[in-house]
Amino acid sequence: MAMFSALNRALGARRSRLLLDNLTAYLFLAPAGLLILLFGIFPVAFAFFVSLHRWRRFPDHYVGLANYEKALGNLGYILFFWLALLAFAAAAMMAKRLLRTLRTSNDDRRFASLLAGLLCGYAALLAIDWLFKLIPVIMLIPRQVRGQNTSLALFMEKLGESFSSPAVAAAGNLLLGGLIVTALVIALVAWRFRSAQSAQLASAGGITTVLLISASFLLQLTVSETEAAIAAARETGESLPIWSQLVFISAGLALIAAAWLIFRRGIKTYENRRFAMLLVGGLMLAVGGYLLMAEAPAALAAADDDLLQGFWITIMYAMGTVPVQLSIGLLLAYLLFQPIRFRAFFRMVYFIPYITPFVATSIVFRIIFEAGKHAPANRIISLVGIEPQRWILERSTIGGLLGLPDFLAGPSLALIVIMIYSTWTYIGYDAVIFLAGLGNIPGELYEAARIDGASGWRIFRHITLPLLSPTVFFLSLVAIIGTFQAFTQIWILRTGAVGNRVNTASVYIFDELQNSNRYGYASSMAFVLFALILLMTLFQNRIMGRRVFYG
Amino acid sequence: MASAGEGSSAAAMQQPPLQGPRQRVSLGALGIYALLFAGVLIAVGPFLWMISASFMTISEVNLTRLLPENLLWENYATALRRANFLDIEIATDPQTGVLQSLSVSGYIWNSVRITLITVLGSLTVCIPAAYAFARMKFVGRDFIFALFLSTMMIPGIVMLIPHLLTVIWLGRLSESLFGPAGTWFNNWPALTIPFFASVFNIFLLRQFFIQIPNDLWEAARIDGAGHPRFLVSVVLPLSKAPIMTIVTLGFIGSWNALMWPLLVTINDEWRPIAVGLSNFVTADTPGDLNLQMAASVITVVPILILYFVAQKQFTEGIAQTGIRG
């Protein structure tokens, strides 16, 4: 209380109240904030950092983009170019917004706020730089104190040594200076030069700085790594056409994207122009597709085949499960929505596969789909006269078993079992969410349609489905991300006989981590997967989000 | 993956609509019930056979009998022992019969301990944070909240390696503080502490805290209560429902966890039940299928009991957020 009254005297009642409120809030937030920083935000930067190193349990040395090259071949470099371009585009967007804000205001104090923002961004980058110099040093401490009599004094001594090692200390001093200058400027701005747009200008300035400098860093890293790779290839007398691949693949993708835009516009325009537009679009699609087909295999030539197969398996897995589980889920929900008795009972029962531990239910499926002649699944298919299959032990593909040509191979029978399992677990979940969505559709719409004489199917097609589209969108997104993250069912249902024919990308990454201890390489692959998931989410948001009808 | 549209669906779920479209049902009521019961059979069929097979002899399982000839209850005792699920040693003084020592071990016990620590720790950390986001004003609140939410987008596989390295490092630090017992790796901290600050829990609680009428806060403040007092004596007693949801979802989350515990446990001292069951099954292939089924039943039963007791929390929690534990 004495402190409070002292504060009151110094700042005035209102300001001291505000300060205390802020402090209480931060105190409430502190434990969660600290843990989320440590286990939620920092790990992303840390994983990226690890992926740039050779790192087996302990940091070894910096290898640049070599891990990405090992994972994706030349496409690894190309991806980083795109990432750098994306960062530049984001920086340009922020800068544009910043300039607009600057132009609309004629308050002279606006530049002071901008300066504070720029300094904040710069200080953040200094902090990242310092952190990245510090991490490899302090990550060695567990090895240094291992086996010795670990005492706090020893640990702290090692920690002190790490902080004062030359590179870290230099970056640390720079950071300290930057922080002091930034704090002073912020205090000055808050005290003297505050304007209505201060916060907006400062945050826009800070973000622009961070984006611009990271984009330049990414571009510089990519160019130098690419040059180094080309030079290294030249030493051995080979040529590495990364630049031409970059140009052709980017052009191919750009053409396809442009063709898509033209198609979309073309469908809406007048009859006489529509044909020309569709023709141009078709031509662009053909050229773009040809460029991709011609260049992508070469760019992926040096890629990790197991990883590519993992991605392909993930895609097959998603295509085989998501549409099936969504349609059956919708059918069940629609049936449940009819005026029936025991609705609560049905809903409860359908939910059971989803909430029970995946490990246990996977084991049941492992036994149901055993290879023996008397195994339950073989018993069931023998009822319709199909010969017993080897199921979870079968690495041959569906196409192969049916005698189809190679390009129709499809998933292995073992993967089909995993797909059946996933569909079985998620149907009930989908049905329950669909049921909730159906309940949100106003009954008057059905009444009106019936008065107009619409049939059951037309009502479903033109009222239920469009109004249910947000739910479909949400569930398909969750389901696709779920297939990318699927682990438990594959871990249990895969057998030695099947080898890597059921390993999705994330299972392969986990294997690399656990069996080979290649932390750097596993991190780089995880990042590629992350980028893919993010891209897919954005893509789905744009394509499907546009068609979703939110009422 | 909580989307804005889901909140309203959850509200609809609490009161199931009594009538759907009142159109003439073309399939006929009988057809509908037939399809729905077929669905029930597919959904619970594997479970029924699992229970039935857990009482069979090995050859009965191998021949896919539907029902066992004799109920072999000893399968459960054998599975508990062989899979190292639960081992209770009670030592009593032979003369007086006084309890001398009681030691419990096994995967079930481990999972129970891990679950308790995780849920309690998570509540302690998340409740104040959610309260701050819901009912306090501070600089950067919306930005910090958005930052927290964005971490939910990051796939677990990206976090695996940094988490492992962080846990090993912090473990060494705590070892130097508390001695060998303080290690994090292959010990409870690695299995619980990374899950304390769950953004999902914070989000769920915040949505609830926001709805508490402001009049209550005004009244409490007039009576001289500050934020901590208001949180403990007004907000928490009102929030039993979301807390129950967090507890149930946290329970399944810990009970099912496989990938992370595979990475950070190296022996049975803290290994949770999912890893134990997975090891038991993959280690004894093709092995004693009846015992595998019994072990699976033992793993499933606690979750099923919880589901039947707290069904409302399950379905509502999942429908509100689209996430399972």
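This report describes a predicted model with chains A and B, covering confidence, domains, the contact between the chains, and selected local features.

## Basis and confidence

Residues are numbered from 1 along each chain as its sequence is written, and chains are lettered from A and ligands numbered from 1 in the order in which they are written. Because the model is predicted, local features need pLDDT of at least 70 and side-chain atom pairs count only at pLDDT 80 or more, while totals for chains, interfaces and linings use all residues.

The model scores ipTM 0.85 and pTM 0.84. For chain B the mean pLDDT (the predictor's confidence in each residue, from 0 to 100) is 81, and 87% of the residues of chain B reach 70 or more. Among the elements of chain B, α5(B) has the highest mean pLDDT, 92, and helix α1 (residues 6–14) the lowest, 40. The pLDDT is below 50 over residues 1–25 of chain B, a stretch that has 47 contacts in the model beyond near neighbours in sequence. Where pLDDT is low, the predicted coordinates should not be read in detail.

## Contact between the chains

Chain A gives 95 residues to the contact and chain B gives 91 (two residues are in contact if their C-beta atoms, placed from the backbone, lie within 7 Å). On the side of chain A that touches chain B, helix α2 (residues 13–51) of chain A supplies the largest share, 20 residues. By class, this side of chain A holds 71 nonpolar, 20 polar and 4 charged residues. Here Ala, Val, Leu, Ile, Met, Phe, Trp, Tyr, Cys and Pro count as nonpolar, Asp, Glu, Lys and Arg as charged, and the others, Gly among them, as polar.

## Domains

Domain bounds come from an automatic or database domain assignment. Chain A is divided into domain 1 (1–51), domain 2 (66–240), domain 3 (241–303) and domain 4 (305–547). The C-alpha centres of domain 1 and domain 2 of chain A lie 23 Å apart.

Chain B is divided into domain 1 (29–101) and domain 2 (105–321), with their C-alpha centres 28 Å apart. In chain B, 20 residues of domain 1 are in contact with 19 residues of domain 2. On the domain 1 side, α4(B) gives the largest share, 6 residues. That side has 12 nonpolar, 6 polar and 2 charged residues.

## Chain B and helix α11

Chain B has 16 helices and 2 strands (DSSP runs numbered from the N terminus: helices are H or I, at least four residues; strands are E, at least two). Of the 325 residues of chain B, 41% count as buried (20 or more other C-beta atoms within 10 Å of the residue's own; exposed means 12 or fewer, partly exposed in between; C-beta atoms are placed from the backbone).

The 12 residues of helix α11 (residues 227–238) of chain B should span 16 Å at 1.5 Å a residue (1.5 Å times one less than the number of residues), which agrees with the 15 Å between its end C-alpha atoms. Its buried residues are His227(B), Phe230(B), Leu231(B) and Val235(B). These cover an arc of only 100 degrees around the axis (taken from the directions from the helix axis to the C-beta atoms), so they lie on the same side of α11(B). Val232(B), Ser233(B) and Pro237(B) are exposed on the other side. The cover over the buried residues includes α2 of chain A, together with α5 (107–135), α9 (199–210) and α10 (214–222) of chain B.

## Asn62(B)

Asn62(B) belongs to helix α3 (residues 58–62) of chain B and counts as partly exposed because it has 18 C-beta neighbours inside 10 Å. Not counting residues up to four places away in sequence, Asn62(B) touches Gly372(A), His374(A) and Leu289(B).
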